[in-house]
Amino acid sequence: LLSRESPGSWVRFHPDINSNWRRRNRLQADLRQAVARGELLLNYQPYVSLKSGKVAGAEALVRWQHPELGLISPADFIPLAEESGVIHALGEWVLQEGIRHAAQWRQQYLSNFVISINVSLLQLEDARFAEVVAAILATYHLPGEALELEVTEGLALRNTPAIDSNLQLLRALGIAIAIDDFGTGYASFSYLRRFPVEKLKIDKQFLDHVPENESSSNLVRMIVAMGHTLGASVTGEGIENIQQARFLARHGCDYAQGYLISRPLAPNALEQFLAAARPLQLQP
Ligand code: C2E
Ligand code: MG
Ligand code: MG
Ligand code: MG
């Protein structure tokens, strides 16, 4: 099989590349029907306040239960959904399902529970996005304060009228915007001025060697201080041990999320977690 890689030059596909490419095409075709066939599911990963140690909310993380290939991770299909445009239907399903669960959990377990939902930039570029979000919230009688939308730093690079008006309407509804994987993207400070955000989520890679690594620790303290200066709260992602959580608490970071608190859970398992959860013990 031959492929045109750049104008005027042909390269021969390695067999592995060929089979990867076939898998990609198959997944992309199957993904079109996955939403309608009910093959998507959400897991929920709780996060805690570092002031109280108590659960503040949970992040919805999508998975795809493929009938033949088994469980597929979002890292493998979100890019395909973005390429084909399926991301709009998929993203709307995630919002609907996440908000439905959040409404139930606020009634049954935690009245100030916040649901955090990842959204693709392509969704934010859709002129009707904020109206769709508002309609779903209204369906479940949920206030905007119960919802937080996580976007990646790529937001920096785009500056379209649709994104601006969506962000304005979302803010007017009381919905918080969080920058996901903070520090890994095109960290330009100008966008933080253009788009004020409510939360920064420090990427796991900066926290992996905290507190023993001094330069990581300094960088994390700097991001916390910067977030607070901007009027944003700050979350540490990928927190796997209590030393990391205590370091963050000591330095005023607001929230922690990671396997220390819990892995992403199926809805019924999250309910058990909410019913049983005791505050994270932050004092040594
Ligand atoms: P993310 O939003 O940064 O989510 C955090 C990822 O880190 C999740 O992987 C989570 O399972 C994993 N994680 C959390 N705590 C720990 C920890 O302590 N240790 C380790 N090793 N890993 C941890 P997951 O579920 O595979 O999601 C990957 C990415 O896919 C997400 O990264 C997010 O960018 C994207 N994604 C997930 N759901 C959606 C969705 O509904 N829509 C969109 N557009 N993207 C989504
Ligand atoms: Mg996220
Ligand atoms: Mg993240
Ligand atoms: Mg991350």
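Which polar backbone atom lies 2.8 Å from an oxygen atom of ligand 1? The atom belongs to Y259. This report describes the surroundings of ligand 1, the two magnesium ions and two features of the backbone, all in a predicted model.

**The site of ligand 1**

Ligand 1 occupies the largest pocket. Taken alone, the ligand exposes 800 Å², and the protein buries 79% of that area. Around ligand 1 there are 21 residues, of which E59, R63, D180, E240 and Y259 come nearest. By character, the shell divides into eight nonpolar, five polar and eight charged residues.

Three elements each give two or more residues to this shell: β4 (55-66), α2 (74-84) and β8 (176-182). The largest share, four residues, is provided by β4.

The table lists polar contacts of ligand 1 with the protein.

| Atom of ligand 1 | Partner in the protein | Distance |
|---|---|---|
| Nitrogen | N or O atom in the side chain of E240 | 2.5 Å |
| Oxygen | polar backbone atom of Y259 | 2.8 Å |
| Oxygen | N or O atom in the side chain of D181 | 3.0 Å |

Two of the partners, E240 and Y259, are also among the residues that come nearest to ligand 1.

**The magnesium ions**

The magnesium ion designated ligand 2 is coordinated by E59 (OE), N118 (OD1), E150 (OE) and D180 (OD), at 2.0 to 2.2 Å. Along the chain, these donors follow the spacing E-x58-N-x31-E-x29-D. N118 belongs to strand β6 (residues 114-118) and E150 to strand β7 (residues 147-152), so this pair ties together parts that are 32 residues apart in sequence.

The other magnesium ion, ligand 3, has D180 (OD) and E237 (OE) as its protein donors, which lie 1.6 to 2.0 Å from the ion. This pair likewise links distant parts of the chain, for D180 is in strand β8 and E237 is in the loop between β10 (233-236) and α10 (242-250), 57 residues apart.

Which residue bridges the magnesium ion (ligand 2) and the magnesium ion (ligand 3)? The bridging residue is D180, and the two ions lie 3.4 Å apart. D180 therefore deserves attention in two settings: the residue is a donor to ligand 2 and to ligand 3, and D180 is also one of the residues that come nearest to ligand 1.

**Two features of the backbone**

The peptide bond from V210 to P211 is cis, and its omega angle is near 5 degrees. P211 is located in the loop between α8 (204-207) and α9 (214-229).

A further feature concerns H141, a residue other than glycine whose phi angle is positive, near 55 degrees. H141 is situated in the loop between α5 (129-139) and β7.

Conventions
Residues are numbered from 1 along each chain as its sequence is written. Chains are lettered from A and ligands numbered from 1 in the order in which they are written. This is a predicted model: local features need pLDDT of at least 70, side-chain atom pairs count only at pLDDT 80 or more; totals for chains, interfaces and linings use all residues. Side-chain values use heavy atoms; hydrogens and water are left out. A residue is near a molecule or strand if one of its heavy atoms lies within 4 Å of it. A polar contact is a pair of N or O atoms within 3.5 Å; within protein, one must be able to donate a hydrogen and the other to accept it, and residues adjacent in sequence count only if both atoms are side-chain atoms. Accessible areas come from the Shrake-Rupley method with a 1.4 Å probe; for residues, only the protein chains shown count as cover. On a 1 Å grid over the protein atoms alone, a cavity is a set of points where a 1.4 Å probe fits but cannot get out, and a pocket is an open set with protein on both sides within 12 Å along at least five of seven lines; lining residues have an atom within 4 Å of a point. A molecule sits in a cavity or pocket if more than half of its atoms lie within 2 Å of its grid points. Ala, Val, Leu, Ile, Met, Phe, Trp, Tyr, Cys and Pro count as nonpolar, Asp, Glu, Lys and Arg as charged, and the others, Gly among them, as polar. Donors are N, O and S atoms within 2.8 Å of the metal (3.2 Å for Na, K and Ca); water is not among the atoms, so sites may look incomplete.
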